[in-house]
Amino acid sequence: MSVTTENPGVSFRIDMLWNDSRYRSTFLQIVALVLVMLAILWLVNNVAQNLAALGKDFSFGFMSWPSSYDINQRLIEYTSRSSHSTAAVVGLLNTLLVAVFGCILATLIGVTAGVLRLSHNWIVSKLMTVYIEGIRNIPVLIQILLLSAVLDEALPHPKNAEAILGGFLTPTNRGFYFPGPVFSDGSLYVVLAFIASVCVAVWFGRWSVRRQQATGEQLPDFWIKLGIIAGTTVLAYLVMGMPIGLEYPELKGFNFQGGIYARTSLIALTLALSIYTGAFIAENVRAGIQAISQGQTEAAYALGLRPGRTMRLIVLPQALRIIIPPQISQYLNLTKNSSLALAIGYMDAAGTLGGITLNQTGKEFQTLMLLMGFYLTISLSISFVMNLYNEQVKLVERTSVTGGGFSVLALFGGVSGKWEVLKKGDARMQPNFGVAGWLNLVVLLYGATFAMMLYYVFLEPREASNSYYLWSTGHQVITLLLTVFSAAAMMTCIFKHYRFIDMAAIELVFFILAVLIGLPFGDMTVGVPNSVIVFGGLAARLAIIGYTVFGSRPNVTFFYRVREGSHS
Amino acid sequence: MSSDRSIAFVASGQIPPSAPPANLTGPIGWVRENLFDGILNSILTLASIAIIVMVVPPIIDWAFLKGVWNAGSLGECREIVVATHGEGASGACWAVIHERIYQFLFGFYPPELYWRPILAFMLLFVAIAPVLFSSAPRQMLWFSLAYPLIAFFLIWGGSIWGTLLFLAGPVVGYLVGFRAGRFAYGDNFIVGAAVTVLATVLWWLFAVTPIADALTSTIGFVGFEPVESDRLGGFLLSITIGVIGISGSLPIGIVLALGRQSSMFAIKTMCVVFIEFIRGVPLITLLFVASVLLNYFLPPGTSFDLVLRVVIMVTLFASAYMAEVIRGGLAALPSGQYEAADALGLNYWQATRLIIMPQALKVAIPGIVSNFIGLFKDTTLVSVIGLLDPVGLLNPIRADSAWNGILWELYMFVALFFWVFCFSMSRYSMYLEKKLKTDR
């Protein structure tokens, strides 16, 4: 009995669209796409009608209006005459402030609690269980509100406040006051000396590793590096006549002046979020450590490694592969939960952009779009980086190959020879194998572009008339895309991912577009003429792409893809 | 001389093993091994004991020994504490909970109708019993399926006609799709299912309201007194949002996870965009969207209830997270399972239903339950947009002149409520994991 899969005699019938597996998938996708398009069209149409009915327009021009409200916790210059966009940036920075400190503190708490919960000391591990199970199961909003109320009531008024920790911290119910650094003449040299010493220490570390690989001898790397950095910096500090000092806050009138000021709400929010997230991190840490089998430790001991090295070289690298992905999502959760600042009056992004700016301007649609865009940007960039990291550390599986999907490299195939997607696990494909050191400078180029665009778009104090939000849509979009793709190129280069070439190519396209529409590069960097940036940037980008595609060494291992025949 | 050196003792057998030293066994040994094993551990133990001694007795003293349960205001509370325990003593003022308990439980629900939410809550246990425990009779699942409408009807009240007609939607859809439609397109499952869904939605959109009105005018009003959404509050509101969100997010999450794993590019892209968008923004911004923006997306002039809008948003939010957890379960399955299902000749839906999903869901249970817990905790966020859930009730109470200055008692009470629910959910998930474990 013969079975024919293709029957050329049967002509196409309409029901083959959903009965024949050759057409079904395409048909279903088209139907779904059409339905979604119709739904979006309907929604957009409704929005347009509603906005028109309320007499509102859809532009972001309001971001350049004066904000006329005060924010008393801020990292950059801001007055009530500043624009709404500056207020938004103050809010964004406040969110990031909480996120950064919260993540650090949560990690400290979480790792400690996680390790202690595994301790064979019965009472300690039970205490940690109580902490973890108690905190995890109570809504974080309640904890934030409670802590904030407790701090408000328990702490003294500034008039009665006393400094603790040797004057380092003055808690009051208005906020916490820390001494701040004061930079006088010559401090620049101290900072420069510090940076230079870090570079030397890094160079020394590489030299030491090469030496160990060649001779088998080890040096006390950590102490030598510490000596280089601390010694140089302290020496420079003393030579320049101690230019960096501390300024202690002083009570003037009803409030403290000087030093660094952190509002009670900021402290309460950071503490509550880190205690809450710490409980989750503790569980991640515990799971990660427990997942590494005892045999790994025993095998390392059998090889003669001491406990410290066993931990550092054997257990931690394996445990981190398990711990880090959920850890990152905990950091993301903390960042997103920091929007609860709204409930205790801390002016973060949700409090400025989604709070007062929304209420004052009545532009619910635009402000919420910007607010969501901000959180989305943070989340997506972190998950982008996470994906790059995961591709580096994931275990080799039967079907796992890196690459796949369209890549700009395919276009170069005809010019530079045939490219092949390699399976992971090949020793020469390991990320750090044979990377030309100077390629790290590429990171600097894209990093500088990214930082410059960010600064120019969001921070630079400009006349309201040429604010980013008043540009034409084309300029706005291309600027944003250039910023995004310079960041993407930077990250892919740091992680030595083969997509770097794609990102660099796309970035080049937007760079050229930005030049063509006349983006004022010259304004962005003080003193550097426009032409230098335009032509220099173009040449550098072309050189990088050319080298990674046609160059002899780095592309063989740098991007996981090789030319056919160059290995066997 | 030789007799002097005669052998005095010859072992005739093995000496029985002697008991271990007293300080290595029993309670003392346990304490030595677990609490005072090394200097660091001893310090940790002493520090922990110090913390416990410093924290626990004062809390017990404050909360239970000196707590006041009956008083009209905070001042009265303090007077009672001072009168019974002497000057300078401080005790918890649980009287505020005692006075406001109904507000905490039901919000501003009409007191004479309290039996309705209570009945709905009790039926909830009947409805989730077959889901939680496999020993319950399977027929009860039909009740679980109908429960959301029953609960809706009990809590919000209104005419029974609307509820019944809504319930009839799928039946009508089935009749149209698989009975009446047969003459047009024969025995085709996909078309039948599509027509069923379409007919059901059309029924809900266009038939329910006019027929319900007609029934009301002909037969008369049958049902309960309607209760406005803004009167819902307290734990009633939290549980309502939580239960709807939980039961809605699981099926949507499964569909999204399958879509994200799909080989169809358009479907996959849509699912990825939806999931990543929802997961990338905080719930609070979505609640803002629900409270100020959702009306922009509807045809001009329409608007619907805030609680309903919030419930929709919370459900969508939770389903994106659920999709990721289930995707994790799907990814954890070895590819041999998919290949074996293909080799048996199962089609996509059969393989998914019989081979893939049961295993993937089993792997995903801890994640699913912790999502449920997260969702239930997140219901407190509705207080930020002005709904009066337990957290939203705290500030009005603290602003009341009689209870001005009260703090710990209120927060502890609300926290304890959430803790009990969330902790029991996490214990249940551990029980389930253990029960479903098929390997050793």
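Author: A residue is buried if 20 or more other C-beta atoms lie within 10 Å of its own. By that rule, buried residues make up 30% of the 568 residues in chain A of this predicted model.

Reader: Happy to start there! Why is Leu387(B) called buried?

Author: Leu387(B) has 24 C-beta neighbours inside 10 Å. The cut-off for buried is 20 or more, so with its 24 neighbours Leu387(B) counts as buried.

Reader: Where in chain B does Leu387(B) sit, and what does Leu387(B) touch?

Author: Leu387(B) lies in the loop between helix 15 (348-378) and helix 16 (390-399) of chain B. Leaving out residues up to four places away in sequence, Leu387(B) touches Leu237(B), Val307(B), Val310(B), Val382(B) and Gly392(B). What makes these pairs contacts is that their C-beta atoms, placed from the backbone, lie within 7 Å. There is also Gly233(B): 154 residues separate Gly233(B) from Leu387(B) along the chain, while their C-alpha atoms are 7.3 Å apart.

Reader: Thanks! Now over to chain A: why is Thr232(A) called partly exposed?

Author: Thr232(A) has 18 C-beta neighbours inside 10 Å. Buried asks for 20 or more and exposed for 12 or fewer. A value of 18 falls in between, so Thr232(A) counts as partly exposed.

Reader: Which element holds Thr232(A), and which residues does Thr232(A) touch?

Author: Thr232(A) belongs to helix 7 (residues 221-239) of chain A. Its contacts, not counting residues up to four places away in sequence, are Ala193(A) and Ser197(A). As for Val198(A), its C-alpha atom is 9.5 Å from that of Thr232(A), with the two positions 34 residues apart along the chain.

Reader: What about chain A as a whole: how many helices and strands are there?

Author: Chain A has 19 helices and 9 strands. Among its contacts with a separation of 6 or more, 69% join residues 24 or more positions apart.

Reader: And how many residues does each chain bring to the contact between chain A and chain B?

Author: Chain A brings 46 residues and chain B brings 47. On the side of chain A that touches chain B, the elements giving two or more residues are helix 2 (21-53), helix 4 (122-136), helix 5 (140-154), helix 11 (349-361) and helix 12 (364-393). Helix 2 of chain A gives the most, with 12 residues. That side divides into 30 nonpolar, 12 polar and 4 charged residues.

Reader: Lovely. One last thing: what are the domains of chain B?

Author: They are domain 1 (22-97), domain 2 (99-157 + 229-435) and domain 3 (158-224). Taken over C-alpha atoms, the centres of domain 1 and domain 3 of chain B are 61 Å apart.

Note on methods
Residues are numbered from 1 along each chain as its sequence is written. Chains are lettered from A and ligands numbered from 1 in the order in which they are written. This is a predicted model: local features need pLDDT of at least 70, side-chain atom pairs count only at pLDDT 80 or more; totals for chains, interfaces and linings use all residues. Two residues are in contact if their C-beta atoms, placed from the backbone, lie within 7 Å. Helices (H or I, at least four residues) and strands (E, at least two) are DSSP runs, numbered from the N terminus. Ala, Val, Leu, Ile, Met, Phe, Trp, Tyr, Cys and Pro count as nonpolar, Asp, Glu, Lys and Arg as charged, and the others, Gly among them, as polar. Domain bounds come from an automatic or database domain assignment.
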